[in-house]
Amino acid sequence: MGDGWSGGWWCTGVRWPGEAPELGWRRGGDRRVSVLAYGTGLGFRALGERHCVGARGNVCPLAAVVPGRSTGGRCAECARLDRAHSVAADTLVDDPRTYRVYLAWFGPGLVKVGITGEERGAARLREQGAVAFTWLGRGPLMAARRTEEVLRAALGVPDRIPYAGKRAVRGRLPGAGERAEAVAELYGRAAALEGRGWPDSLERLALEVVDQVEVFGLSGTPAPVRSVRELVDGGVVAGRLVAAAGPDLHLAVTGAGGGGGGGVVVLDTRLITGWDLTAETGDGVGVGVPLIDIGGGGVQGGLF
């Protein structure tokens with residue numbers, strides 16, 4: 001959050017409409033967007049309690065308080081309403097739009113298959129933090145969904161990967177050549193299934209590996225060592241943005257107060273939705289919220 005921001009703004013999360021991440025904000029009926037740039041400062045302080053962000057653009061009728069560790073940021077009822085209208089819920093069977101099936105690679109051993117609306121382009125892959133990907137096919141929603149199911153069963157790949165796993169490998173990625181080979185190998189296995197459960201109405205697309213390491217700013221940046229576990233009332237998160245992938249912002253911090261040395265801390269921006277936030281300096285001050293080691297280590301409370 002930059003100069004001119006005052007309290008009362010709620011973050012609506014990270015969007016990737018292009019090759020730069022954007023943070024959305026709302027205060028009452030006002031909407032604002034912060035376009036983020038690597039190398040710049042970013043900081044805020046959380047105030048009060050965290051409240052449900054509502055569903056499908058509507059406010060929560062209960063203004064429910066939600067847990068700080070919830071990545072959904074919604075109460076049970078709003079979460080149900082939000083999912084009921086999503087493509088993942090398979091309730092939009094008459095959707096006339098064209099969909100694409102993709103193969104995404106997040107790191108060694110972490111690959112998945114998924115679908116997205118063709119008009120969205122690669123936004124969905126950036127939102128998920130896919131380090132590299134290729135399109136596999138395009139067609140109607142149900143054909144794309146059927147292909148996704150066939151590939152998951154035949155290739156033994158999931159349709160979702162926890163972000164904790166993505167963070168654990170993001171700091172030790174192999175070179176570009178190895179990344180491209182991994183995606184190409186998966187594409188070859190998937191293409192070999194054409195005619196064996198692959199719907200006729202899904203058009204196969206040629207292999208074209210898209211690498212997003214530079215888009216995410218991951219090339220040459222230090223590996224993150226800790227991530228924010230949750231925000232708390234009065235808690236500060238401030239540092240220099242060095243990379244971003246999906247909802248994760250990588251912040252270089254120098255420590256503050258009684259904290260120790262510096263390092264890169266990951267902030268999952270899904271944890272900051274629903275909080276009343278006010279601007280703080282983002283010049284590498286530090287972090288005053290509970291942290292957890294990336295890769296399954298212990299929890300560190302207080303300042304980093």
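# Notebook: looking through a predicted model

**Entry: helix 5.** I began with helix 5, residues 176-191, which has 16 residues. From its first C-alpha to its last, helix 5 reaches 22 Å, close to the 22 Å expected at 1.5 Å a residue. I kept in mind that this is a predicted model. Next I asked which residues of helix 5 are buried. They are Arg179, Val183, Leu186, Tyr187, Ala190 and Ala191. Seen down the axis of helix 5, the buried residues fall within an arc of 135°, so they line one face of the helix. I noted a general rule beside this. An α-helix has 3.6 residues a turn, so residues three or four places apart point the same way.

**Entry: the whole protein.** I then stepped back. How many helices and strands are there in the protein? I found six helices and 17 strands. The protein has 304 residues, and 48% of them are buried. I looked at contacts between residues at least 6 apart in sequence, and 68% of these join residues at least 24 apart. The accessible surface comes to about 13,200 Å². Carbon and sulfur atoms hold 51% of that surface.

**Entry: aromatic pairs.** I searched the whole structure for aromatic pairs and got three. Trp16 and Phe216 make one of them, with 5.4 Å from centre to centre and 70° between the planes. That pair is edge-to-face. Where in the chain do Trp16 and Phe216 lie? Trp16 is in the loop between strand 1 (9-15) and strand 2 (22-27). Phe216 is in helix 6, residues 213-216. The two are 200 residues apart, and the pair links distant parts of the chain. I checked burial too. Trp16 has 1% relative accessibility and counts as buried. Phe216 has 0% and also counts as buried.

Phe133 and Trp135 came next. Their ring centres are 5.5 Å apart and their planes are at 75°, so I put this pair down as edge-to-face. Both Phe133 and Trp135 are buried. I also saw that ring pairs link Tyr102, Phe133 and Trp135 into a cluster.

**Entry: charges over rings.** Trp135 turned up again here. The charged end of Arg100 sits over the ring of Trp135, 5.2 Å from the ring centre. Lys166 gave me another case. Its charged end sits over the ring of Tyr163, 3.9 Å from the centre of that ring.

**Entry: helix 4.** Tyr163 and Lys166 led me to helix 4, residues 163-170, where both are buried. Its other buried residues are Arg167, Val169 and Arg170. What covers the buried residues of helix 4? The cover includes strand 5 (98-107), strand 6 (110-117) and helix 2 (123-128). It also includes strand 11 (236-245), strand 12 (248-253) and strand 13 (263-268).

**Entry: the loop before helix 1.** I turned to the loop between strand 4 (41-47) and helix 1 (76-84), where Pro67 lies. Is Pro67 buried or exposed? Pro67 is exposed, because its relative accessible area is 55% and exposed means over 50%. Pro67 and Arg50 are 17 residues apart along the chain, and their C-alpha atoms are separated by 7.1 Å.

Ala63 is in the loop between strand 4 and helix 1 as well. Its phi is near 50°, a positive value in a residue other than glycine. I wrote down the general background: most residues other than glycine have a negative phi. At 46% relative accessibility, Ala63 counts as partly exposed.

**Entry: three residues under the cut-off.** Buried means under 20% relative accessible area, so I looked up some residues against that value.

- Asp82 is in helix 1. It has 19% relative accessibility and counts as buried. Leaving aside neighbours within four places in sequence, Asp82 is in contact with Ala55, Arg56 and Arg74.
- Thr278 is in strand 14, residues 276-279. Its relative accessible area is 18%, so Thr278 is buried. Thr278 and Ala46 are 232 residues apart in sequence, and 6.7 Å apart in space from C-alpha to C-alpha.
- Glu22 is in strand 2. At 17% relative accessibility, Glu22 counts as buried. With neighbours within four places in sequence left aside, its contacts are Gly13, Val14, Arg15, Pro17, Val33, Ser34 and Val35.

Methods:
Residues are numbered from 1 along each chain as its sequence is written. This is a predicted model: local features need pLDDT of at least 70, side-chain atom pairs count only at pLDDT 80 or more; totals for chains, interfaces and linings use all residues. Side-chain values use heavy atoms; hydrogens and water are left out. Rings of Phe, Tyr and Trp (its six-membered ring) pair if their centres lie within 6.5 Å; planes under 30 degrees apart count as stacked, over 60 as edge-to-face and the rest as tilted. Helices (H or I, at least four residues) and strands (E, at least two) are DSSP runs, numbered from the N terminus. Buried means under 20% relative accessible area, exposed over 50%, partly exposed in between (1.4 Å probe, protein chains only). A charge sits over a ring if NZ of Lys or CZ of Arg is within 6 Å of the ring centre and within 35 degrees of the ring normal. The expected span of a helix is 1.5 Å times one less than its number of residues. The arc is that of the directions from the helix axis to the C-beta atoms. Contact means heavy atoms within 4.5 Å. Accessible areas come from the Shrake-Rupley method with a 1.4 Å probe; for residues, only the protein chains shown count as cover.
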